[in-house]
Amino acid sequence: ASFFVLIIMTVFNWSKNRNIIFLTLLLTSINIWAILHYWLVIDFNEQMAAIFSNHFTPIYLMIGPFLYFYVRGVIKDDFIWKKTDLFHLIPAAVQIALILPYTFRYTYEEKVNLILYLHNNPSDYLETYFNSVFNALQTGAIRLAYFAIYLIFSSFLLIKYLLRSNGSVVLNIQRHIVLRWLIFLHVSLLLILGLYIYLIYQSNVDHNFALTSQSYTLQNSLAFLISINNLSLFLIPEIMFGLIIPKK
């Protein structure tokens, strides 16, 4: 439900703040990842899991860049897109090429059977090659490292802005709310990243970890954080308008 709230709020506020598109893409990417884990772990469904497994991995590699684009635009209070920003899309483009054999060589029924096999044999999951170069463990590690780099850099941009404006700019209510939201966003994403790293680590140590109550609790915690991020756009409408920095 929170995902549909996100889409509706974006459509109605696009004209007021175009940077919202990057936030929408960021949260949508995370939502797709959460849906995959829901069908794989919380409420296993081989048909749905076969649809979401691997096909959307290029989008997951864009979570970091979307965060960076959004924070950069909010801080500048302007919609920014440069030709050099295309370089941020390279990893996702490479991943598209790597998953092409899996996407088109195997039928949907074969993918469903693979998901069923992995569900019944979780010890084989991390060693399964869903693309032509990396197995699931390596792909997950690369994705996490890539996202962590962007999260650190985006946090640096935000901290730098806060330090620069703290002593020289009197923050109005709008800017105060948006800046606090940005801080919350980074903290929540850090928690999501940390929980996912822990989930991957435990799954590597204990191949049956995905079937444990602890894994179930972790998955629900991730879903809760993601839902809060989505609903915050509805609960805190000021986010939609950005900082609104007075023009000189």
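Three helices, α2, α8 and α9, each supply at least two residues to the lining of the largest cavity, and I would like to start there, keeping in mind throughout that what we have in front of us is a predicted model. The space inside this largest cavity comes to about 150 Å³, and when cavities of 30 Å³ or more are counted, the total is one. If you want to find the cavity in the structure, look for the residues that line it, which are I30, W33, Y60, I63, R143, L144, F147, I192, L193 and Y196. What kinds of residue make up this lining, nonpolar, polar or charged? Nine of them count as nonpolar, none as polar, and one as charged.

Let me now turn from the cavity to the largest pocket, which holds about 700 Å³ of space. The elements that each give two or more residues to the lining of this pocket are α2, α4, which covers residues 57–60, α7, α8 at 136–166, α9 at 173–205, and α10 at 213–235. Which of the elements gives the most to that lining? The answer is α2, which contributes five residues. Altogether 39 residues line the pocket, and those that lie nearest its centre are H37, L40, V41, Y125 and L126. Sorted by type, the lining of the largest pocket has 21 nonpolar residues, 16 polar ones and two charged ones.

Since α7 has just come up as one of the elements in the pocket lining, let us look at that helix by itself. Helix α7 runs over residues 108–120, so to speak 13 residues in a row, and from its first C-alpha to its last it reaches 19 Å, close to the 18 Å expected at 1.5 Å a residue. Its buried residues are K111, V112, I115 and L118. Why do these four residues sit on the same side of α7? They do so because they cover an arc of only 125 degrees around the helix axis. On the face of α7 turned away from that buried side we find the exposed residues E109 and N120. The buried residues, for their part, pack against α2 (20–42), α3 (46–52) and α6 (90–105).

A second helix to set beside this one is α5, made of the 14 residues 63–76, and its reach of 20 Å from first C-alpha to last is close to the 20 Å expected at 1.5 Å a residue. Here the helix is mostly covered, with 13 of its 14 residues buried. The residue that follows α5 is D77, and its phi is positive, near 55 degrees.

Another positive phi belongs to N54, a residue other than glycine, where the value is near 75 degrees. You will find N54 in the loop between α3 and α4. Is N54 buried or exposed? It counts as buried, because its relative accessibility is 8% and the cut-off for buried is under 20%.

Finally, I would like to point out I149, which is found in helix α8. This isoleucine counts as exposed because its relative accessibility is 55%, and exposed means over 50%. How far apart are I149 and G64, in sequence and in space? Along the sequence 85 residues separate I149 from G64, yet in space the two are 7.7 Å apart, C-alpha to C-alpha.

Notes: Residues are numbered from 1 along each chain as its sequence is written. This is a predicted model: local features need pLDDT of at least 70, side-chain atom pairs count only at pLDDT 80 or more; totals for chains, interfaces and linings use all residues. Side-chain values use heavy atoms; hydrogens and water are left out. The expected span of a helix is 1.5 Å times one less than its number of residues. Buried means under 20% relative accessible area, exposed over 50%, partly exposed in between (1.4 Å probe, protein chains only). The arc is that of the directions from the helix axis to the C-beta atoms. Contact means heavy atoms within 4.5 Å. On a 1 Å grid over the protein atoms alone, a cavity is a set of points where a 1.4 Å probe fits but cannot get out, and a pocket is an open set with protein on both sides within 12 Å along at least five of seven lines; lining residues have an atom within 4 Å of a point. Grid points are joined across faces, edges and corners, and a volume is the space filled by probe spheres set on the points. Ala, Val, Leu, Ile, Met, Phe, Trp, Tyr, Cys and Pro count as nonpolar, Asp, Glu, Lys and Arg as charged, and the others, Gly among them, as polar.
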